[in-house]
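User: Please take a close look at the salt bridges in this model. I would like one connected account of where they sit and what surrounds them.

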Amino acid sequence: MNPPKPNVATKHAEGLAEAEAGEAVALFTTQESAVPPAIDPAAPARFINRELSWLAFNRRVLEEAQNPRHPALERLRFLSISASNLDEFYMVRVAGLKGMVTAGVATPSDDGLSPAEQIARINEAAGALIADQQTVWSQLQAELRAAGVAVIGPQELGEADRDWLDRQLRDQIFPVLTPLAIDPAHPFPFIPNLGFTLALKLVRRKDGKHMMALLPIPPQLQRFLRLPGQDRSARFLPLEDAIGLYLDKLFPGHTVTGSGVFRILRDSDVELEEEAEDLVLLFETLLKRRRRGSVIHMKCSSAMPDDLREFIADHLKLRADELVIVQHRLGLSDLQKLILDERQDLQFKPYIARFPERIRDHGGDCFAAIRAKDIIVHHPFESFDVVVQFLRQAA
């Protein structure tokens, strides 16, 4: 019996199937042939630069500040952490690279970059990171204001706010401020690491004489002044903005023609000698030297006039690539001070670690519980208190 002849539809379907199979084979062959070439184990392309990798990690921290699933104050915390991390990165790692450049070291790293090339790439990546931090701060500032936590400007102060601020400045802030004129009789002062300073251009009204002045802001002062209020909301005025309202009292007889704030980072890299005879003495010496390390980085506000910025950079012996102009707020690491304990609704729910139940079953006797069966304590899900209790019982 002869098999039935296939009709036209059957032949068409078989043809499509063969064509699709051919495409699949061709696609599979193409993908197989697209294997990347092998990299020589000793080639620089095999390695990722350590410093650039660290900057990529810190960008990941900043991305958490942009995560809309996190509460607003926790996002602010991530922003503060990313800024603090970047400061430490410059004070230690970039400082080390600059020291190599100063010493004339041109030996490339495993990824093929010399110290000078690494610094150039770091400045590019860090500049983009700083700009993104400022953008995130602008977004968070609006979101926090809507939630009742506002960082306000001087133009938003009411009459009652000014009265309170007058008393606060007179009693708490003015006594610790030291205005400094910069002229041949008064040399440029020492600015400490992480020092936050207000720079001013002044004109003396009686004779029109121009002069430069600095107003270092002591670190013991609160960076954000919380204004009094009756409701649950919180309003903060940045310290530098508050001081800026009273410059006529700090510099009587002068007119301010330009001003801005700047913040410096000093070389804080410490090299230890493992075979030092007296480690305590070595640490004391290194810490004293560290406080007076060379300035390697400066951020200044965009409001600062160009000639004032150049005046400061010249005295600090900074090059153009060691200056960063910030559009909004300097010292973002201080934003953690805006995290309020009473606003738990804007923070992560506190996690309470559990205590191992088997130790409770043995009346708190760790050794009796271990005698019955080995225990694995999983931190941070289980409390570290059990380790302290174990050590106390052992002692």
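Analyst: The structure, a predicted model, holds 25 salt bridges. Several of them belong to one network, which links Arg-223, Glu-240, Asp-241, Arg-329, Asp-334 and Lys-337.

Within that network, Arg-223 pairs with Asp-334, and the closest N and O atoms are 3.0 Å apart. This pair connects distant parts of the chain: Arg-223 is in the loop between β4 and β5 (224-227), Asp-334 is in the loop between β9 and α10, and 111 residues separate them. Arg-223 is buried because its relative accessibility is 5%, under the cut-off of 20%. Asp-334 is also classed as buried, at 18% relative accessibility. Arg-223 has an aromatic partner too, as it lies over the face of Phe-196, at 4.4 Å from the ring centre.

A further bridge of the network joins the side chains of Arg-329 and Asp-241, at 3.6 Å from N to O. Arg-329 is in the loop between β9 and α10 and Asp-241 is in helix α6 (residues 239-244), so this bridge ties together parts 88 residues apart in sequence. Here the burial is split: Arg-329 counts as buried at 15% relative accessibility, whereas Asp-241 counts as partly exposed at 21%.

The loop between β9 and α10 (357-361) also holds Ser-333. With a relative accessible area of 10%, Ser-333 is buried. Apart from neighbours within four places in sequence, Ser-333 is in contact with Ser-80, Ala-83, Ser-84, Asp-87 and Arg-263.

A local bridge gives another case. Arg-60 forms a salt bridge with Glu-64, with 2.8 Å between the closest N and O atoms. Both residues are in helix α2 (residues 50-64), and because they are four residues apart, about one helical turn separates them. In general, an α-helix has 3.6 residues a turn, so residues three or four places apart point the same way. Arg-60 is partly exposed, with a relative accessible area of 44%, while Glu-64 is buried at 16%.

Helix α2 also brings in the aromatic residues. Ring pairs link Trp-54, Phe-57, Phe-89 and Tyr-90 into a cluster. The count of aromatic pairs is seven. For Phe-89 and Tyr-90, the ring centres are 6.0 Å apart and the planes are at 90°, so the pair is edge-to-face. Phe-89 and Tyr-90 are both buried. Elsewhere, Arg-46 lies over the face of Phe-47, 5.6 Å from the ring centre.

Another charged residue that is buried is Lys-98, in helix α3 (residues 72-102). Its relative accessibility is 10%, which is why Lys-98 counts as buried. Leaving out residues up to four places away in sequence, Lys-98 touches Ile-119, Ile-296, Arg-319 and Glu-322.

Arginine also appears among the buried residues of helix α9 (residues 306-316), which are Leu-308, Arg-309, Phe-311, Ile-312, Ala-313 and Leu-316. These residues pack against β2 (180-182), β3 (196-204), β4 (210-217), β7 (254-266), β8 (295-301) and β9 (323-326). Just after α9, Lys-317 takes a positive phi of about 60°.

As for the whole protein, it has 12 helices and nine strands, and 38% of its 395 residues are buried. Of the contacts between residues at least 6 apart in sequence, 74% join residues at least 24 apart.

Technical notes
Residues are numbered from 1 along each chain as its sequence is written. This is a predicted model: local features need pLDDT of at least 70, side-chain atom pairs count only at pLDDT 80 or more; totals for chains, interfaces and linings use all residues. Side-chain values use heavy atoms; hydrogens and water are left out. Rings of Phe, Tyr and Trp (its six-membered ring) pair if their centres lie within 6.5 Å; planes under 30 degrees apart count as stacked, over 60 as edge-to-face and the rest as tilted. Buried means under 20% relative accessible area, exposed over 50%, partly exposed in between (1.4 Å probe, protein chains only). A charge sits over a ring if NZ of Lys or CZ of Arg is within 6 Å of the ring centre and within 35 degrees of the ring normal. Helices (H or I, at least four residues) and strands (E, at least two) are DSSP runs, numbered from the N terminus. Contact means heavy atoms within 4.5 Å. A salt bridge is a side-chain nitrogen of Lys or Arg within 4 Å of a carboxyl oxygen of Asp or Glu.
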